[in-house]
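Visitor: Hey, could you walk me through this protein? I'm new to reading structures.

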Amino acid sequence: MTRAAPAGHVAQQGFTVHTRGRGFSEITDKVTEAVMASGVQTGIAHVFTTHTSCSLLISENADPAVREDLERWFARAVPDGDAIFEHDAEGPDDMPAHVRSILTGVSLTLPVHGGKLVLGTWQGVYLWEHRRDPHQRKITVTVVGH
């Protein structure tokens, strides 16, 4: 364990993810690039998306069946076109996408050590698109540390 030190550096970088519609886009490499470009050796990386119908998560990155299972579970838990929802201005997947985003979150905070993003062996960082149609999603990575 290293001794505590005040954060001496802040760097911020953004990128866009072009989704193909509902599903997962792995962004681990893009977040890793932002961390490496920051020059921070020890600190945290905050990853944020500026949207209300997609989310960010850390998930299993070896077996795509994990993400397929998540998609099926959410389809059952928050179905498109459910009569409970009043908000459907952009279609039957509009409000379910907002609920999914709220349940899974739009930001992540990850440790940085040795100038690298710290993730477990089977972990990847993903943007999860909750709308059926393709979208362009903006991501901001802020790295704080020394």
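Guide: Sure, we'll go from the overall picture to the separate parts.

Visitor: Cool, what kind of model is this?

Guide: It's a predicted model, where local features need pLDDT of at least 70 and side-chain atom pairs count only at pLDDT 80 or more, while totals for chains, interfaces and linings use all residues. Residues are numbered from 1 along each chain as its sequence is written, and side-chain values use heavy atoms, with hydrogens and water left out.

Visitor: How many helices and strands are there?

Guide: The protein has three helices and eight strands. Both are DSSP runs numbered from the N terminus: helices are H or I with at least four residues, strands are E with at least two. Along the sequence the pattern reads β-β-α-β-β-α-α-β-β-β-β.

Visitor: And what box do the C-alpha atoms fill?

Guide: Roughly 55 × 30 × 25 Å, taken along the principal axes.

Visitor: What share of the residues is buried?

Guide: Buried residues are 40% of the 146 in the protein. Buried means under 20% relative accessible area, exposed is over 50%, and partly exposed is in between, using a 1.4 Å probe and protein chains only.

Visitor: OK, sheets now. What order do the strands take in the five-stranded one?

Guide: That open sheet runs β1-β8-β3-β5-β6, with antiparallel pairing. At its edges are β1 (9-18) and β6 (116-117), each pairing on one side only. Two strands count as paired if DSSP finds at least two bridges between them.

Visitor: What actually holds paired strands together?

Guide: Strands of a sheet pair through backbone hydrogen bonds, either parallel or antiparallel.

Visitor: How many bridges join β1 to β8?

Guide: Ten, and the two strands run antiparallel. To find a spot on the structure, look for F15, which stands opposite I139 in β8. On β3 and β8 there are seven bridges, again in the antiparallel sense, and G43 has G145 in β8 as its bridge partner.

Visitor: What about β5 and β6?

Guide: Strand β5 (residues 107-113) pairs with β6 over two bridges, in the antiparallel sense. V112 has L117 in β6 as its bridge partner.

Visitor: Which helix lies across those strands?

Guide: Helix α1 (residues 28-38) does: it lies across β1, β3 (42-49), β5, β6 and β8 (136-145), at about 155 degrees to β1. Axes are lines fitted to C-alpha atoms, for helices over the stretch in contact, and angles run from 0 to 180 degrees between N-to-C directions. Contact means heavy atoms within 4.5 Å.

Visitor: Now the other sheet. What's its strand order?

Guide: Its three strands go β2-β7-β4 in an open, antiparallel sheet. The edge strands are β2 (23-26) and β4, each pairing on one side only. From one strand to the next, the twist averages 35 degrees.

Visitor: Which residue in β7 partners E26?

Guide: That's Y126. β2 and strand β7 (residues 123-129) pair over four bridges in the antiparallel sense. Helix α2 packs on this sheet, touching β2, β4 and β7, and its direction makes about 135 degrees with that of β4.

Visitor: One helix left! Which residues are buried in α3?

Guide: In α3 (residues 94-104), the buried ones are D94, P96, A97, H98, V99, R100 and S101. The buried residues of α3 pack against β4 (54-60) and α2 (64-77).

Visitor: What comes after α3?

Guide: G105 follows α3, and its phi is positive, near 95 degrees.
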